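Here is a set of exercises to work through with the model open beside you. Try each task before you read its solution.

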Amino acid sequence: MLEQLREIVQQVNSAKDLQSALDIIVVRVREVMATQVCSVYLFDKDMNAHVLMASRGLNKEAVGRVSLEIGEGLVGLVAKHAEPINLEDASRHPSFHYIQETGEESFRSFLGVPIIHHRNVLGVVVVQHEQQRRFDEGEEAFLITLSAQLAGVIASAEATGAIAGVSPSGQKISDTVFAGVPGASGVAIGEMVVVFPKANLYQVPIRQARDLNREIGVFNDALNKVRQDMRDIHERLAGKVAEEERQLFDVYLHMLDDDALGKEVLERIQTGHWAQGALAEVALEHIRSFEMMPDDYLRERAVDIKDLCSRVLFYLQQGEQVHAEYSENTILVGEEVTPAMLADVPEHKLKGIVSLKGSGNSHVAILARTMGIPTVMGVVDLPINQLDGREVILDGYKGELIGNPSETVRQRYENTIREQAELIAGLEELKDLPCITADKHRVHLWVNTGLISDVARSLDQGAEGVGLYRTEVPFLLSERFPSEHEQAEIYREQLEAFAPMPVTMRTLDIGGDKALSYFPIEEENPFLGWRGIRVTLDHPEIFTAQIRAMMRASEGLENLQIMLPMISNINEVNSAIQLIKRAYRELIQEGLSIQYPPVGVMIELPAAVYQTKALASLVDFVSIGSNDLTQYLLAVDRNNPRVASLYSAFHPAVLSALVHVVREAKAAGKPVSICGEMAGDPGAAVLLMAMGFDILSMNAASLLKVKSVIRSISRGAAQELLEQVMQMDDAKTVRSAVDLTLYNAGVERLLRSSRTN
Ligand code: PEP
Ligand code: MG
């Protein structure tokens with residue numbers, strides 16, 4: 001049955017729309033389970049009912065017409081309890097609800113299984129039989145497994161309809177919500193522009209051709225180039241590989257013939273598609289149908305088509321901008337948005353960011369927060385190739401997108417956008433005021449930087465220093481390792497701009513979700529693998545070049561601090577310090593006049609929390625990286641939207657760790673700061689201030705918000721709040737207590753996490 005299961009899932013996967021997917025399910029399940037009826041009911045939010053969407057065995061006329069309200073009939077019961085119901089005689093069940101139109105009176109046995117996607121019941125799949133018998137355990141398990149595997153496919157087919165404004169049962173709908181997780185706060189309304197990596201058939205968006213003749217021309221050119229490639233390879237391989245392998249390239253050439261793939265693509269272009277989209281669609285249809293073939297040999301041919309069409313796509317994209325023109329209100333959307341993609345959009349046009357992958361603490365979200373661009377992450381069900389050019393509302397507070405907005409909803413969000421602008425304008429006056437509590441306790445607000453543009457933004461917000469300069473950002477934007485001198489130039493800009501204020505430069509922190517294209521790290525479990533200091537200690541040449549560049553850049557400014565990421569033991573610190581000392585001695589010998597900089601460690605692993613004392617004794621300062629600390633303490637991947645709701649820096653375990661580190665660092669006489677995103681959350685900042693952090697380092701966009709909240713509260717009240725929350729045993733309760741204190745202190749709606757729209 002496993003083979004049949006795989007086959008059905010593949011067939012459903014390749015269906016062109018929701019209705020075809022459901023039709024495949026009912027036909028194939030009825031056949032494989034040898035039942036007389038198989039039906040699928042889907043929940044339609046607009047109708048607030050389960051609609052019979054497809055059936056084999058029940059009256060055809062009932063499909064699309066019959067619906068059951070929530071909790072109504074056996075189907076409603078399966079959905080309500082999100083549990084299967086298996087009955088030998090359905091008619092005897094008290095919830096049985098006979099609907100004449102279906103003609104189901106002759107079917108006795110009933111097995112209904114819920115279709116659940118991310119805890120949401122999408123619908124119910126039902127099999128029925130005339131014979132009065134219970135479906136056996138194997139049959140029940142088969143349907144449960146199938147339904148679990150199909151839920152994702154159905155959800156994404158539903159999303160494809162929803163983005164076009166159509167409900168599962170074909171009703172016109174508006175205000176469809178696509179849930180993700182908050183990336184950066186704020187609201188935006190704009191036009192989606194899809195960005196996609198090169199030569200990836202799966203992510204090419206559907207777009208209308210502006211000039212059909214041009215599209216046909218570029219497609220024919222690309223085709224000719226691939227034909228030439230195939231002929232060249234064919235020639236080069238003569239005598240080197242078996243003749244039958246060489247023949248493969250002839251097969252490729254035939255596939256490209258005018259009456260094969262090439263013709264199909266041209267036909268599709270003629271209907272108004274741009275060449276890249278037409279090619280991708282045709283290619284994917286063929287790839288999917290080959291993937292479904294029962295024969296192993298034929299199945300593998302899917303790879304050939306993928307190869308061949310990717311080559312054509314490569315040539316189509318050569319010399320052509322991958323992105324569309326950015327509209328004035330661009331909402332940038334990508335399967336996985338990278339810093340380079342962000343950097344490509346003119347800043348005044350970028351109004352919002354949507355990444356299908358990643359979560360609120362992924363590095364792209366952090367960059368977006370620094371830039372102050374509302375962002376939603378992890379909208380996994382969004383049909384990426386259907387989005388280009390569509391209007392959408394992006395709610396970065398809730399982590400949602402709203403498609404086909406109605407006038408009422410749009411107005412509501414326009415009001416929030418206005419309120420947001422007023423709030424930001426109102427905060428301007430705080431720029432030159434000190435960050436001081438109502439009872440005169442001084443708190444130091446520093447910034448986290450990475451991009452060159454962060455410098456102006458940070459200075460403009462009245463930052464008092466840089467608590468974290470993520471040196472990997474320029475590395476990520478480069479196409480090779482930058483040389484020592486290139487690095488020194490970049491670092492000098494940061495140091496000079498902030499001098500005499502201190503700039504804390506973190507040594508290269510790659511690995512995890514930060515991959516350099518020119519230094520790929522392939523690992524099963526990258527967040528527990530070769531990351532941060534582990535990489536650079538294994539590559540002392542990279543580490544030393546970076547340290548030398550930092551020190552060289554600091555000549556005459558003397559405001560450099562060096563910080564080490566991902567420290568899990570004292571040996572790493574000792575080894576790093578040895579290398580730093582050696583680099584310093586060398587530079588002095590080379591005639592540079594520089595001071596030895598303060599060196600600090602990041603506390604971002606649970607192991608480091610419990611070694612704060614030992615680590616602090618080796619260095620000049622410690623800084624908590626709460627993003628990673630939360631991820632590692634709670635065992636929640638910071639990048640994975642599926643577990644995003646479990647990720648909270650307000651978790652009592654995280655709060656206790658923070659209190660512990662502050663206490664230990666202070667006992668060792670070393671300053672302690674925090675540079676995780678938590679510091680930029682106004683409510684969290686109040687708790688951190690009460691814990692005794694000397695410096696809060698955050699993204700520039702949060703700085704005035706935090707300052708405004710800290711200025712509106714007394715240290716005494718913050719300490720009382722801290723005492724209270726340290727007794728609490730749940731992150732949500734802590735969050736509510738913090739929000740209540742902010743509310744009582746008169747903090748504005750948009751600065752609290754519990755704001756309501
Ligand atoms: C952290 O982990 O909290 C941190 C500041 O570093 P990054 O987010 O770059 O991993
Ligand atoms: Mg970190």
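**Exercise 1. The metal site**

Which residues are the protein donors of the magnesium ion (ligand 2)? Find them, then place them in the chain and judge their exposure.

*Solution.* Keep in mind that this is a predicted model.

Step 1. The ion takes its protein donors from Glu604, through OE, and Asp628, through OD, at 2.0 to 2.2 Å.

Step 2. Asp628 belongs to helix α21 (residues 626–634), while Glu604 is in the loop between β19 (599–603) and α19 (606–609), so the two donors tie together parts that are 24 residues apart in sequence.

Step 3. Buried means under 20% relative accessible area. Glu604 has 2%, so this residue is buried. Asp628 has 3% and therefore counts as buried.

**Exercise 2. The six-stranded sheet**

Work out the strand order of the open sheet of six strands, and explain which strands stand at the edges.

*Solution.*

Step 1. Reading across the open sheet gives β3-β2-β1-β6-β5-β4, and the pairing is antiparallel.

Step 2. The edge strands are β3 (67–69) and β4 (85–87); each has a single partner strand, so one side of each is left without a neighbour in the sheet.

Step 3. From one strand to the next, the twist averages 20 degrees.

Step 4. Look at how β1 meets β2. Strand β1 (residues 37–44) runs antiparallel to strand β2 (residues 49–56), and seven bridges join them. Along this pairing, Ser39 is opposite Ser55 of β2, and Phe43 is opposite His50 of β2.

Step 5. Now add the helices. Helix α2 (residues 18–32) packs on the sheet with contacts to β1, β2 and β6 (120–129), and its direction is at about 150 degrees to that of β1. Helix α3 (residues 73–81) also packs on the sheet, where it touches β1, β2, β3, β4, β5 (109–117) and β6; the angle between its direction and that of β5 is about 40 degrees.

**Exercise 3. Around strand β2**

How many residues of β2 are buried? Describe the hairpin and the pairing with β3 as well.

*Solution.*

Step 1. Seven of the eight residues of β2 are buried, which leaves the strand mostly covered.

Step 2. The hairpin of β1 and β2 has four residues between the strands, and Asn48 there adopts a positive phi near 55 degrees.

Step 3. Three bridges pair β2 with β3 in the antiparallel sense. Val51 has Ser67 of β3 as its bridge partner.

**Exercise 4. Strand β17 and its partners**

Which residues of β17 point one way and which the other? Then follow Met505 into the strands that pair with β17.

*Solution.*

Step 1. In strand β17 (residues 503–506), Val503 and Met505 point one way, Thr504 and Arg506 point the other way, and all are buried.

Step 2. Strand β16 (residues 466–470) runs parallel to β17 and is joined to it by three bridges. In this pairing, Tyr469 stands opposite Met505.

Step 3. Strand β18 (residues 560–564) also pairs with β17 in the parallel sense, over four bridges. Here the bridge partner of Met505 is Ile562.

**Exercise 5. Aromatic rings**

Classify the pair Phe314 and Tyr315 as stacked, tilted or edge-to-face.

*Solution.*

Step 1. An aromatic pair is described by the distance of the ring centres and the angle of the planes. Planes over 60 degrees apart count as edge-to-face.

Step 2. For Phe314 and Tyr315 the centres are 5.5 Å apart and the planes make 70 degrees, so the pair is edge-to-face. Phe314 is partly exposed at 39% relative accessible area, whereas Tyr315 is buried at 18%.

Step 3. Phe475 and Phe481 make another edge-to-face pair, with 6.1 Å between centres and 75 degrees between planes. Phe475 is buried at 1%, and Phe481 is partly exposed at 26%.

Step 4. These two rings belong to a cluster in which ring pairs link Phe475, Phe481, Tyr518, Phe519 and Trp530. The model has seven aromatic pairs in total.

Step 5. Finish with charges over rings. The charged end of Arg133 is over the Phe135 ring, 5.0 Å from the centre, and Arg207 lies over the face of Trp274 at 4.7 Å from the ring centre.

Terms used:
Residues are numbered from 1 along each chain as its sequence is written. Chains are lettered from A and ligands numbered from 1 in the order in which they are written. This is a predicted model: local features need pLDDT of at least 70, side-chain atom pairs count only at pLDDT 80 or more; totals for chains, interfaces and linings use all residues. Side-chain values use heavy atoms; hydrogens and water are left out. Donors are N, O and S atoms within 2.8 Å of the metal (3.2 Å for Na, K and Ca); water is not among the atoms, so sites may look incomplete. Buried means under 20% relative accessible area, exposed over 50%, partly exposed in between (1.4 Å probe, protein chains only). Two strands pair if DSSP finds at least two bridges between them. Axes are lines fitted to C-alpha atoms, for helices over the stretch in contact, and angles run from 0 to 180 degrees between N-to-C directions. Contact means heavy atoms within 4.5 Å. Rings of Phe, Tyr and Trp (its six-membered ring) pair if their centres lie within 6.5 Å; planes under 30 degrees apart count as stacked, over 60 as edge-to-face and the rest as tilted. A charge sits over a ring if NZ of Lys or CZ of Arg is within 6 Å of the ring centre and within 35 degrees of the ring normal.
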